Each structure stands twice: as structure tokens, then as C-alpha cells.
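Visitor: I have a model open and some questions to put to you. Shall we go through it piece by piece?
Guide: Yes, go ahead.

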Amino acid sequence: MSHPNFVSPDLIRQRFSKAMSDMYREEVPLYGTLMELVEQTNRHVLDSNPKIARQLNSTGEIQRLDLERHGAIRVGTANELATLARLFAVMGMQPVGYYDLTPAGVPVHSTAFRAVHEAALQVSPFRVFTSLLRLELIEDLELRAFAQSVLDKRSIFTPTALTLIDRAETQGGLTEQEARNFVEQALETFRWHHSATVTAEQYRKLIAQHRLIADVVAFTGPHINHLTPRTLDIDRVQAQMPAHGITPKAVIEGPPRRQCPILLRQTSFKALDEPVSFTDQTETRGSHSARFGEIEQRGAALTPKGRTLYDRLLNAARDELKDFPNEANAARYNALMAQHFSEFPDTYEGMRQQELAYFRYFVTEKGLGADELKSLSLEDLLSGGYLRVEPLVYEDFLPVSAAGIFQSNLGDAAQTHYGVHSNRQVFEKALGRSMIDELALYAETQRRSIEECFAASSLAV
Ligand code: OOG
Ligand code: NI
């Protein structure tokens, strides 16, 4: 039962997202630079493009834009993942979707923890891309056993965080004081540590297996490895990055630039080389690179039909390129993407009519109280100007893009090929529950918005 004195999970998430951003800005100054660049760009877009400003105002997205960011972490064991799920649940975040990164040579599979209802997303759309290391992919059995033993010894949560998770579960929420304490304690799990938990030699062996394995195994916890603000014009930010001392990856992941953005476009800059000390060293002598910067632009959420078309066009462009996109072939890749995606309708009305994207429906001034809402079809109400639509923003991630982001931060040496693939059941067993299907969430939000239109109309008469 909900208690009147409990802080809402949405507010806890909003505060946590802010605390995480403050911590990361202090730890990684380049993140602060990137935030400023994104803020300037967003202001420019809103000032120079009244249509976009109007659209964001009518959906309420304008209010969440400056709060909007996602982070990413990587954990090592089933137990860590299951406890993280409980920690995120205190903040109203549920695991949504399944991403298998092994086809791209990255030994992890992942989900995204996020709020699921449009009202909760409006308070804070904070998301965390969470990957679980697949230790079974370490071929060297001795090294695998070593990695397992190191992971089994660590505890990535503070004792107080664990107590507060228990309390939230048994009480059904947290009081103001507990919520403050929880945000402070939960943050500790994601903090960067300069000292590793292994010797320099053990670190070298782990790195030789895969850089990602060393990143998970050799440290006390799942440090946040990037925090990504949302921009309204990713090409503009990408073009301005070099002037601010930031070198972006060669190509922007996701769909090409369009009039009506769809899904998600992302770009990142390389991981920083940071000083660390190993257990057999008294001073800081080694270095490790894990943390990087990323920005993203979000567009319309696609229906299964739209997503199939997106995947087909993306694959066609990549097949024709015959290689991973890189610096040398970037211009050709962009040209191929533009060419193939000309097949994807670039008006919201076109996407709606062909059922390629999800929308939110609103009653217009003309529609308020109009009798037509009781008699006309949805199509007629739209064309008659009684209702209007805005696209639903995509709240999730894209596996091919995520692979590209991982790859650009791991360097060329990491082109491993794993024989084993997708294992959703293993991930769900580790998590202790199943992931929510993101497409069902968009469909429900769309349906609710239609219902609200009719409810509003019957109230108004
Ligand atoms: C996650 C990489 C994927 C995204 O936005 O798709 C990602 C990681 O490096 O842990 O951040
Ligand atoms: Ni990311």
C-alpha cells in the first residue's frame, strides 16, 4: 500500500539522474563541455525552428529535454544484475528489451532500465543501458575461473543501499529522509575507482582476452562509462565537436538525417586513458580506458512494420558498403544510407498512414466538445481537424548502434568472433524476471492517448 509520506519513485529517479550527472561532470570535465555544446545547440534549434519548438511544447517534451540523459554500465554476475534490478525498481525503472552484442564480437548481452509509462517518462526519462558479461565466452578455463573468483568476492552495493532496497520493498516506498539517503548510497555503486582489484599481470591477461572483460572484472564496481545528453541536432553537435577539443567517431550510428527523425541517432568520442594502480603497486602506474562521451538525437518510435523496414534498409546499406563504417569509407556510407532510406516516408502523415510509427493523439480546439467525436472514424476526425497527432519519442536503444558504440571504444583489436549467440533465457534467469517488450509499451501509450481524446470529449459535452 502506498503511504502518503513516501517520495514517488519518479522523483527519486529524477534526483538520482541529477546526482549522477553532477558526479560525472566532476569526474569527467569533457562531459561538462559536451553538455554545454548540446545546450547551445538545442537553444539554437528551438530559436530558429518554431515548428520543432511547437511540437516539443505540445508533447511536453520541452520540459524533460534538459533532464534527459542515459548512462551505461556493465556487470559481472547474475547476482549483481538481479540486485541492480531491485535498486532500479526503487526508482521506478524496469528492464525493457533485450540486446545481444555477441554478433558484434562483444561478450555481453544487455537490457535498458527505464520508466515505462508516459506520465513517469515525463517526470524523468532517465535510462541505463545495462550489460551482463558472458564469462562462458572466456575460452581460457583458468582465466575464466580466476575472473569468476574475483567477481564472487566483490560487493558492488553499500550495506546501507541494500538495507534501503529491502525497506522500499517491504514498506512499499521510501520516506523523504530515506530517499535522500538512498540516492546518495546508490550513487556509490556507479563511482569510478582509481585502484584496481587485480595485479598488473592479471590485468594484462584479462585485457588480452577482451578489453571489456578487464573493465568488468578488474574493478570494485560497475562505474558509469558514459552519460549521454539528448540533442535536437546531432549533425550540428558532431560538426562542432572538434572545435571544442573533442574528436567524434567517424560516422553517426542509426538512421540518416531526415526531416522527420526516427528512432535514435548517436555519436561518441573515444574512451579516456585514465591512471589506475594495481594491487601489486604502491603508486598509480597503470592506465585503463573505459569512460567515453556520447550524444544522441531521438525521433519517432517505429511499429514492428516500421522497424522491419528500418532494419532492411540499414542492412542493405551496410551490405553494399561491405565493411564496418570507418573513417576511410564514412562519406560513401553516408551516401549509401541516404540513398537506401529514400524509401522510408519522410513525413509524419506518411508514416502514420502506412503504420510505420506510433503516435500520440490530441483533441484540437475544434474537436473539444464536438459531436463528431462520437460519430466519425479516427481517420475522419484527423482529416476533419478534430484530432491531431504527434509522434511518440523512441525511448530505447538499437543493437547495431550499440555495437558500433562499443566497437569504437574498443579499437580494432577487438574483432572477436563468438560461436555462441543470443541467449535471452540465460539473461532473464540472471535478472530474476523477464524483460518488458518495448513495442507493447508504445502501442499502449498510443491506445491510451486515443482513449483520453474520447474521454475528454464526453466530459466537454
Ligand atoms: C554500452 C554501449 C551502448 C548505446 O547508447 O547504445 C550504448 C557500453 O559501452 O557499455 O551506450
Ligand atoms: Ni550510450
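Visitor: Which residue forms a salt bridge with arginine 191?
Guide: A salt bridge here is a side-chain nitrogen of Lys or Arg within 4 Å of a carboxyl oxygen of Asp or Glu. For arginine 191, the closest N and O atoms of the pair are 3.0 Å apart. The partner is glutamate 188.

Visitor: Is arginine 191 buried, partly exposed or exposed?
Guide: Buried means under 20% relative accessible area, exposed over 50%, and partly exposed in between (1.4 Å probe, protein chains only). Arginine 191 has 28% relative accessibility, and its partner glutamate 188 has 31%, which counts as partly exposed. By its own value, arginine 191 is partly exposed.

Visitor: What kind of model is this, and how are residues numbered?
Guide: This is a predicted model, in which local features need pLDDT of at least 70 and side-chain atom pairs count only at pLDDT 80 or more, while totals for chains, interfaces and linings use all residues. Side-chain values use heavy atoms, with hydrogens and water left out; chains are lettered from A and ligands numbered from 1 in the order in which they are written, and residues are numbered along each chain as its sequence is written, from 1.

Visitor: How far apart in sequence are the parts that glutamate 80 and arginine 154 tie together?
Guide: Their side chains meet in a salt bridge, 2.7 Å from N to O. Helices (H or I, at least four residues) and strands (E, at least two) are DSSP runs, numbered from the N terminus. Glutamate 80 lies in helix H5 (residues 78-90) and arginine 154 in the loop between helix H7 (141-153) and helix H8 (159-171), so the parts tied together are separated in sequence by 74 residues.

Visitor: Are glutamate 80 and arginine 154 buried or exposed?
Guide: The pair is one case among the 39 salt bridges of the structure. Glutamate 80 and arginine 154 are both buried.

Visitor: Which helix holds glutamate 201 and arginine 204?
Guide: These side chains meet in a salt bridge of 2.7 Å, N to O. Glutamate 201 is partly exposed at 39% relative accessible area, and arginine 204 is partly exposed at 47%. They sit three residues apart, about one turn, in helix H10 (residues 200-209).

Visitor: Which residues do salt bridges with shared partners join into one network?
Guide: Shared partners link the bridges together. The network consists of Glu61, Arg64, Glu68, Arg127, Arg230 and Glu395.

Visitor: What is the volume of the largest cavity?
Guide: On a 1 Å grid over the protein atoms alone, a cavity is a set of points where a 1.4 Å probe fits but cannot get out; lining residues have an atom within 4 Å of a point. Points are joined across faces, edges and corners, and a volume is the space filled by probe spheres set on them. Five cavities reach 30 Å³ or more. The largest holds about 160 Å³.

Visitor: How does the lining of the largest cavity divide by residue type?
Guide: It has 17 residues, with Phe129, His226, Ala402, Ile405 and Phe406 nearest the centre. Strand E2 (69-75), strand E5 (127-133) and helix H18 (399-410) each supply at least two residues. Ala, Val, Leu, Ile, Met, Phe, Trp, Tyr, Cys and Pro count as nonpolar, Asp, Glu, Lys and Arg as charged, and the others, Gly among them, as polar. The division is nine nonpolar, six polar and two charged.

Visitor: Which helix gives the largest share of the lining of the second largest cavity?
Guide: This cavity has a volume of about 100 Å³. Its lining includes Met35, Glu39, Glu68 and Arg230, and divides into four nonpolar, one polar and five charged residues. The largest share, four residues, comes from helix H2 (residues 29-48).

Visitor: What is the phi of leucine 263?
Guide: Most residues other than glycine have a negative phi. Leucine 263 lies in the loop between helix H12 (234-240) and strand E8 (264-269), and counts as buried at 1% relative accessibility. Its phi is positive, near 50 degrees.

Visitor: Is lysine 322 buried or exposed?
Guide: Lysine 322 is not a glycine, yet has a positive phi of about 65 degrees. It is found in the loop between helix H13 (304-321) and helix H14 (330-341). At 73% relative accessibility, lysine 322 is exposed.

Notes
On a 1 Å grid over the protein atoms alone, a cavity is a set of points where a 1.4 Å probe fits but cannot get out, and a pocket is an open set with protein on both sides within 12 Å along at least five of seven lines; lining residues have an atom within 4 Å of a point.
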